[in-house]
Amino acid sequence: MRSPWVVGVSGASGTPYAAAVLRALFEAGEPVDLIVSRAARLTILDETGRPFRDAHWKDDLAAWLGTTPGDVVHWPAGDLAAGPSSGSYPVRGLVVVPASTAACAGIAIGLSKDLLQRAAEVSLKERRRVVVVPRETPVTRSHLEHLIALHDAGAVVLPASPGFYGAGAGASAQQLVDFVAGKVLDALGVPHTLFRRWTGELNARSQLSEGGLL
Ligand SMILES: Cc1cc2nc3c(=O)[nH]c(=O)nc-3n(C[C@H](O)[C@H](O)[C@H](O)COP(=O)(O)O)c2cc1C
(Lines give C-alpha, C1' and ligand atoms only; values in the text may rest on other atoms or scores of the structure.)
Protein backbone atom coordinates (compact mmCIF):
# COMPACT_ATOMS: atom_id res chain seq x y z
CA MET A 1 0.00 0.00 0.00
CA ARG A 2 1.36 3.42 -0.97
CA SER A 3 1.89 5.47 2.20
CA PRO A 4 3.31 8.85 1.21
CA TRP A 5 4.77 11.80 3.07
CA VAL A 6 2.47 14.78 2.67
CA VAL A 7 4.53 17.87 1.84
CA GLY A 8 2.60 21.09 2.40
CA VAL A 9 4.13 24.27 0.98
CA SER A 10 2.61 27.38 2.58
CA GLY A 11 3.10 31.03 1.74
CA ALA A 12 6.12 31.92 3.85
CA SER A 13 9.34 33.00 2.23
CA GLY A 14 11.71 30.06 1.82
CA THR A 15 10.53 28.06 -1.19
CA PRO A 16 14.13 26.76 -1.66
CA TYR A 17 13.64 24.82 1.61
CA ALA A 18 10.58 23.11 0.12
CA ALA A 19 12.43 22.34 -3.11
CA ALA A 20 15.37 20.83 -1.19
CA VAL A 21 13.08 18.64 0.95
CA LEU A 22 11.14 17.45 -2.11
CA ARG A 23 14.33 16.64 -4.07
CA ALA A 24 15.78 14.71 -1.11
CA LEU A 25 12.59 12.71 -0.56
CA PHE A 26 12.51 11.75 -4.24
CA GLU A 27 16.22 10.86 -4.16
CA ALA A 28 15.48 8.58 -1.20
CA GLY A 29 12.70 6.92 -3.25
CA GLU A 30 9.96 8.17 -0.90
CA PRO A 31 6.42 8.75 -2.22
CA VAL A 32 5.08 12.29 -1.78
CA ASP A 33 1.64 13.85 -1.76
CA LEU A 34 2.08 17.56 -2.51
CA ILE A 35 -0.15 20.43 -1.41
CA VAL A 36 0.77 24.00 -2.39
CA SER A 37 -1.29 26.71 -0.69
CA ARG A 38 -2.72 29.63 -2.68
CA ALA A 39 -0.29 32.04 -1.00
CA ALA A 40 2.64 29.71 -1.76
CA ARG A 41 2.00 30.27 -5.47
CA LEU A 42 2.96 33.90 -4.85
CA THR A 43 6.17 33.02 -2.98
CA ILE A 44 7.15 30.44 -5.61
CA LEU A 45 6.56 33.03 -8.34
CA ASP A 46 8.41 35.71 -6.37
CA GLU A 47 11.42 33.57 -5.42
CA THR A 48 11.84 31.48 -8.58
CA GLY A 49 10.15 33.53 -11.30
CA ARG A 50 8.09 30.41 -12.13
CA PRO A 51 4.35 29.79 -11.78
CA PHE A 52 2.86 26.84 -9.96
CA ARG A 53 -0.48 26.01 -11.55
CA ASP A 54 -2.88 23.20 -10.58
CA ALA A 55 -3.58 22.48 -14.26
CA HIS A 56 0.13 22.22 -15.12
CA TRP A 57 1.53 21.04 -11.79
CA LYS A 58 3.70 18.26 -13.27
CA ASP A 59 5.56 20.57 -15.63
CA ASP A 60 5.69 23.40 -13.09
CA LEU A 61 7.03 21.09 -10.36
CA ALA A 62 9.75 19.68 -12.64
CA ALA A 63 10.79 23.21 -13.68
CA TRP A 64 10.80 24.38 -10.05
CA LEU A 65 12.89 21.44 -8.80
CA GLY A 66 15.12 21.36 -11.87
CA THR A 67 14.69 17.59 -12.05
CA THR A 68 12.06 14.98 -12.86
CA PRO A 69 10.11 14.33 -9.66
CA GLY A 70 9.70 10.78 -8.33
CA ASP A 71 6.46 9.22 -7.05
CA VAL A 72 4.26 12.28 -6.50
CA VAL A 73 0.52 12.96 -6.28
CA HIS A 74 -0.63 16.58 -6.34
CA TRP A 75 -3.74 17.73 -4.50
CA PRO A 76 -5.17 21.24 -5.07
CA ALA A 77 -5.19 23.21 -1.81
CA GLY A 78 -8.88 23.97 -2.22
CA ASP A 79 -9.85 20.30 -2.57
CA LEU A 80 -11.17 19.48 0.89
CA ALA A 81 -12.45 16.13 -0.42
CA ALA A 82 -8.87 15.06 -1.30
CA GLY A 83 -7.33 11.90 0.17
CA PRO A 84 -5.20 13.57 2.88
CA SER A 85 -8.29 15.26 4.37
CA SER A 86 -9.27 11.89 5.89
CA GLY A 87 -7.50 9.90 8.58
CA SER A 88 -8.36 6.70 6.71
CA TYR A 89 -6.12 7.76 3.79
CA PRO A 90 -2.73 6.12 4.34
CA VAL A 91 -0.04 8.67 5.08
CA ARG A 92 3.34 8.23 6.85
CA GLY A 93 3.45 11.79 8.08
CA LEU A 94 3.49 15.39 7.00
CA VAL A 95 5.84 18.32 6.74
CA VAL A 96 4.86 21.96 6.25
CA VAL A 97 7.86 23.66 4.64
CA PRO A 98 8.10 26.58 4.77
CA ALA A 99 5.33 27.16 7.34
CA SER A 100 3.72 30.60 7.39
CA THR A 101 2.58 32.07 10.69
CA ALA A 102 -0.93 31.78 9.26
CA ALA A 103 -0.51 28.05 8.58
CA CYS A 104 0.98 27.49 12.05
CA ALA A 105 -1.94 29.35 13.62
CA GLY A 106 -4.53 27.52 11.53
CA ILE A 107 -3.07 24.09 12.29
CA ALA A 108 -2.61 24.90 15.98
CA ILE A 109 -6.25 25.89 16.46
CA GLY A 110 -7.71 23.31 14.06
CA LEU A 111 -9.01 25.88 11.57
CA SER A 112 -8.66 23.61 8.52
CA LYS A 113 -9.21 26.56 6.18
CA ASP A 114 -7.70 24.59 3.28
CA LEU A 115 -6.40 21.10 2.50
CA LEU A 116 -2.91 21.86 3.83
CA GLN A 117 -4.27 22.79 7.26
CA ARG A 118 -6.79 19.94 7.27
CA ALA A 119 -4.15 17.35 6.29
CA ALA A 120 -1.87 18.60 9.08
CA GLU A 121 -4.68 18.44 11.63
CA VAL A 122 -5.49 14.90 10.48
CA SER A 123 -1.86 13.77 10.83
CA LEU A 124 -1.75 15.26 14.33
CA LYS A 125 -4.97 13.55 15.43
CA GLU A 126 -3.76 10.25 13.96
CA ARG A 127 -0.52 10.70 15.95
CA ARG A 128 1.63 10.61 12.81
CA ARG A 129 4.95 12.37 12.44
CA VAL A 130 4.35 16.08 11.74
CA VAL A 131 7.14 18.59 11.13
CA VAL A 132 6.55 22.32 10.74
CA VAL A 133 9.28 24.65 9.49
CA PRO A 134 8.25 28.19 10.50
CA ARG A 135 9.89 31.13 8.70
CA GLU A 136 9.27 34.48 10.33
CA THR A 137 11.34 36.89 12.36
CA PRO A 138 10.88 38.55 14.76
CA VAL A 139 7.87 36.76 16.23
CA THR A 140 4.91 37.83 18.31
CA ARG A 141 3.68 36.18 21.47
CA SER A 142 0.80 34.61 19.50
CA HIS A 143 3.26 33.07 16.99
CA LEU A 144 5.13 31.53 19.91
CA GLU A 145 1.91 30.30 21.51
CA HIS A 146 0.86 28.60 18.28
CA LEU A 147 4.25 26.90 18.03
CA ILE A 148 3.94 25.69 21.63
CA ALA A 149 0.46 24.34 20.83
CA LEU A 150 1.90 22.49 17.82
CA HIS A 151 4.76 21.12 19.94
CA ASP A 152 2.30 19.96 22.62
CA ALA A 153 0.14 18.29 19.95
CA GLY A 154 3.16 16.19 18.95
CA ALA A 155 4.62 18.14 16.05
CA VAL A 156 8.34 18.71 15.63
CA VAL A 157 8.79 22.50 15.42
CA LEU A 158 11.87 22.93 13.24
CA PRO A 159 12.53 26.63 12.52
CA ALA A 160 14.25 27.51 9.25
CA SER A 161 17.40 28.28 11.19
CA PRO A 162 20.49 26.95 9.43
CA GLY A 163 23.66 26.15 11.36
CA PHE A 164 27.05 27.07 9.97
CA TYR A 165 29.03 24.25 11.55
CA GLY A 166 28.74 21.92 8.56
CA ALA A 167 30.00 24.18 5.78
CA GLY A 168 31.62 26.97 7.80
CA ALA A 169 31.34 30.74 7.60
CA GLY A 170 31.77 30.65 3.81
CA ALA A 171 28.67 28.44 3.39
CA SER A 172 26.70 29.04 0.20
CA ALA A 173 22.98 29.79 0.30
CA GLN A 174 22.32 26.28 -1.05
CA GLN A 175 24.41 24.72 1.74
CA LEU A 176 22.39 26.65 4.33
CA VAL A 177 19.14 25.57 2.66
CA ASP A 178 20.35 21.96 2.59
CA PHE A 179 21.20 22.13 6.29
CA VAL A 180 17.55 22.92 7.13
CA ALA A 181 16.25 20.37 4.62
CA GLY A 182 18.58 17.73 6.10
CA LYS A 183 17.24 18.41 9.59
CA VAL A 184 13.71 17.93 8.19
CA LEU A 185 14.69 14.55 6.73
CA ASP A 186 16.33 13.59 10.04
CA ALA A 187 13.05 14.42 11.79
CA LEU A 188 11.18 12.22 9.30
CA GLY A 189 13.75 9.43 9.70
CA VAL A 190 14.66 9.46 6.00
CA PRO A 191 18.37 8.96 5.10
CA HIS A 192 20.07 11.77 3.19
CA THR A 193 23.43 13.30 2.36
CA LEU A 194 22.36 16.94 2.54
CA PHE A 195 24.97 18.01 5.09
CA ARG A 196 28.15 16.89 6.77
CA ARG A 197 27.38 15.65 10.28
CA TRP A 198 29.11 16.90 13.37
CA THR A 199 31.91 14.50 14.29
CA GLY A 200 32.92 15.97 17.63
CA GLU A 201 35.93 17.66 16.08
CA LEU A 202 36.08 21.44 15.72
CA ASN A 203 37.19 22.50 12.24
CA ALA A 204 39.41 25.15 13.79
CA ARG A 205 40.89 22.64 16.24
CA SER A 206 41.95 20.22 13.47
CA GLN A 207 43.43 23.09 11.42
CA LEU A 208 45.30 24.40 14.45
CA SER A 209 46.61 20.98 15.44
CA GLU A 210 47.70 20.26 11.84
CA GLY A 211 49.63 23.51 11.93
CA GLY A 212 51.13 22.57 15.30
CA LEU A 213 49.38 25.53 16.93
CA LEU A 214 47.37 23.49 19.48
C1 LIG B 1 6.23 37.38 -1.09
C2 LIG B 1 5.63 37.01 0.23
C3 LIG B 1 6.44 36.60 1.27
C4 LIG B 1 5.90 36.23 2.50
N5 LIG B 1 6.72 35.80 3.48
C6 LIG B 1 6.21 35.34 4.64
C7 LIG B 1 7.07 34.77 5.63
O8 LIG B 1 8.28 34.69 5.48
N9 LIG B 1 6.49 34.27 6.76
C10 LIG B 1 5.13 34.30 6.96
O11 LIG B 1 4.68 33.79 7.99
N12 LIG B 1 4.29 34.86 6.03
C13 LIG B 1 4.80 35.37 4.88
N14 LIG B 1 3.96 35.90 3.92
C15 LIG B 1 2.54 36.05 4.23
C16 LIG B 1 1.72 34.79 3.96
O17 LIG B 1 1.81 34.43 2.60
C18 LIG B 1 0.27 35.02 4.36
O19 LIG B 1 0.15 35.12 5.79
C20 LIG B 1 -0.68 33.98 3.85
O21 LIG B 1 -1.97 34.26 4.34
C22 LIG B 1 -0.28 32.58 4.25
O23 LIG B 1 -1.25 31.69 3.79
P24 LIG B 1 -1.03 30.10 3.79
O25 LIG B 1 -0.60 29.74 5.17
O26 LIG B 1 -2.36 29.57 3.43
O27 LIG B 1 -0.01 29.79 2.76
C28 LIG B 1 4.50 36.30 2.69
C29 LIG B 1 3.67 36.72 1.63
C30 LIG B 1 4.23 37.06 0.43
C31 LIG B 1 3.32 37.49 -0.70
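Let's start at helix 6, which covers residues 141-152. At 1.5 Å a residue, its 12 residues should span 16 Å, and the end C-alpha atoms are indeed 16 Å apart, so the expected and computed lengths agree. Keep in mind as you follow along that this is a predicted model.

Now look at which way the helix faces. His146, Leu147 and Leu150 are buried in helix 6. Viewed down the helix axis, the buried residues fall within an arc of 100 degrees, so they line one face of the helix. Turned away from that buried side is a face carrying the exposed residues Arg141, Leu144, Ile148 and Asp152. The cover over the buried residues includes helix 4, strand 5 and strand 6 (156-157). Just after the helix ends, you will find glycine 154 with a positive phi of about 110 degrees.

Strand 5 is a good next stop. This strand runs over residues 129-134 and holds valine 132. Valine 132 has 27 other C-beta atoms within 10 Å, and 20 or more are enough to count as buried, so this residue is buried. Setting aside residues up to four places away in sequence, valine 132 touches Val96, Ala99, Cys104, Leu150, Ala155, Val157 and Leu158. Leu150 in that list is one of the buried residues of helix 6. Valine 95 is 37 residues away from valine 132 in sequence, yet their C-alpha atoms are 5.7 Å apart.

Valine 95 also leads us to valine 21, which touches Val7, Val95, Val97, Ala181 and Val184, again not counting residues up to four places away in sequence. Val21 and Val97 are the residues with the most contacts inside the largest nonpolar core, a set of 58 residues.

From there, move to helix 5 (residues 115-125), where alanine 120 sits. Alanine 120 counts as buried because 33 C-beta neighbours lie inside 10 Å. Beyond its neighbours within four places in sequence, this alanine is in contact with Gly8, Leu94, Val96, Ile107 and Val130. Val96 is also among the residues that valine 132 touches.

Finally, turn to the ligand. Around it are 16 residues, of which Ser10, Gly11, Ala12, Ser37 and Ala39 come nearest. Helix 2 (38-48) and helix 4 (101-109) are the elements that give two or more residues to this shell, and helix 2 gives the most, with five. By class, the shell holds six nonpolar, seven polar and three charged residues. Helix 4 is worth a second glance here, as it is also part of what covers the buried residues of helix 6.

Definitions and conventions
Residues are numbered from 1 along each chain as its sequence is written. This is a predicted model: local features need pLDDT of at least 70, side-chain atom pairs count only at pLDDT 80 or more; totals for chains, interfaces and linings use all residues. A residue is near a molecule or strand if its C-beta atom, placed from the backbone, lies within 6 Å of it. Helices (H or I, at least four residues) and strands (E, at least two) are DSSP runs, numbered from the N terminus. Ala, Val, Leu, Ile, Met, Phe, Trp, Tyr, Cys and Pro count as nonpolar, Asp, Glu, Lys and Arg as charged, and the others, Gly among them, as polar. A residue is buried if 20 or more other C-beta atoms lie within 10 Å of its own, exposed if 12 or fewer, and partly exposed in between; C-beta atoms are placed from the backbone. Two residues are in contact if their C-beta atoms, placed from the backbone, lie within 7 Å. A nonpolar core is a set of buried Ala, Val, Leu, Ile, Met, Phe, Trp, Tyr and Cys residues joined through C-beta atoms within 7 Å. The expected span of a helix is 1.5 Å times one less than its number of residues. The arc is that of the directions from the helix axis to the C-beta atoms.
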